[in-house]
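Subject: Structure for you to look at

Dear colleague,

I am passing on the structure we talked about, and I would be glad if you could open it before you read further. My notes follow below it.

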Amino acid sequence: MGTIAMILRRSPYGDINAAEAVRHAMGGVADELSIDLILVDSGVLLAKKGQDDSGTGYTNLESALKDSIDMGVEVYADKLSVREQDMETADIVDGVKIVNGAEIAELIKEAKTTMIF
Amino acid sequence: MLVIVKNSPGTSDGKRGVKLARDMAADLCFVQNGVYFGQRERLEGFCGSAYILDEDVRLRGIRGEDIEKGIKTIDYDGLVDLMANEDKVIGIF
């Protein structure tokens with residue numbers, strides 16, 4: 001079936017895109033598909049450490065992202081976007097690989113299917 | 001006057017709300033993804049009062065030290081009071 005590249009461009013919690021991207025990624029690996037979740041623009045904020053959902057009623061997407069990594073999703077964050085969002089490597093969830101534009105292009109080229117959120 | 005912004009700095013809606021507040025010498029309140037405006041140096045030269053919703057800040061992992069000095073953190077009750085006490089409220093951008 002080849003790899004599916006899922007590109008997330010939106011920040012978490014403002015709308016459903018980030019939650020849907022993580023849900024689809026988990027669904028894919030559960031069906032033994034190879035999933036690359038690529039975070040760009042404000043999508044890199046999904047990988048920001050320290051998300052505190054207590055008292056909000058929201059699903060904590062930092063935990064969901066960690067679960068997806070544990071399940072086998074390969075998660076990449078665009079280096080330029082990380083810098084634009086004033087984040088550093090230490091702010092990023094463990095297991096997320098920080099890559100540059102050329103590496104992202106290669107991932108997308110290799111993927112059989114690309115889904116954009 | 002109070003302008004409420006829920007979209008992030010990377011969106012035209014969010015920028016439009018901040019510009020309106022600047023042009024009208026109004027105050028600003030950031031909720032949902034609008035709280036990213038509260039991070040340092042994103043509101044250069046804004047003279048009015050700015051407020052940020054605590055719950056949305058915590059949810060997004062934004063730390064206290066990341067927030068620009070002078071921006072007041074409020075909770076939902078505070079937001080309700082703010083809206084009740086203002087003569088005109090415009091939102092949500």
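What follows is a short account of chain A and then of the aromatic rings. Please keep in mind throughout that this is a predicted model.

Chain A, to begin with, contains 4 helices and 5 strands, and when it is read along the sequence these elements follow the pattern β-α-β-α-β-α-β-α-β. Its radius of gyration is 13 Å, close to the 13 Å that the globule rule gives for 117 residues, so chain A is as compact as a globular protein of that length. Taken along the principal axes, the C-alpha atoms of chain A fill a box of roughly 40 × 30 × 25 Å. Of the 117 residues in this chain, 47% are buried, while the area that chain A exposes comes to about 5600 Å², with carbon and sulfur atoms supplying 49% of it. Among the contacts in chain A with a separation of 6 or more, 73% are between residues 24 or more positions apart.

Turning to the rings, there are 2 aromatic pairs over all chains. One of them is formed by Tyr13(A) and Tyr58(A), which meet edge-to-face, with 5.7 Å from centre to centre and 85 degrees between the planes. This pair links distant parts of the chain, since the two residues are 45 positions apart: Tyr13(A) lies in the loop between strand E1 (3-8) and helix H1 (17-30), and Tyr58(A) in the loop between strand E2 (34-39) and helix H2 (61-71). The two partners can also be described by their accessibility: Tyr13(A) counts as buried because its relative accessibility is 6%, whereas Tyr58(A), with a relative accessible area of 34%, is partly exposed.

The other pair is in chain B, where Phe30(B) and Phe37(B) are stacked, with 5.3 Å from centre to centre and 20 degrees between the planes. Phe30(B) is buried, its relative accessible area being 0%, and Phe37(B) likewise counts as buried, at 4% relative accessibility.

Finally, there are places where a lysine meets a tyrosine ring. In chain A, the charged end of Lys97(A) sits over the ring of Tyr76(A), at 5.3 Å from its centre. In chain B, the charged end of Lys72(B) sits over the ring of Tyr51(B), and here the distance from the ring centre is given as 5.3 Å.

With best wishes

Key: Residues numbered from 1 in each chain as written. Chains lettered and ligands numbered in written order. Predicted model: local features only at pLDDT ≥ 70, side-chain atom pairs only at ≥ 80, totals over all residues. Heavy atoms only, no water. Phe/Tyr/Trp six-rings, centres within 6.5 Å; stacked < 30°, edge-to-face > 60°. Buried < 20%, exposed > 50% of the residue type's maximum accessible area, 1.4 Å probe, protein only. Lys NZ or Arg CZ within 6 Å of the ring centre and 35° of its normal. Rg over C-alpha atoms; globule rule 2.2 N^0.38 Å. Contact = heavy atoms within 4.5 Å. Areas by Shrake-Rupley, 256 points an atom, 1.4 Å probe, with all protein chains shown as cover.
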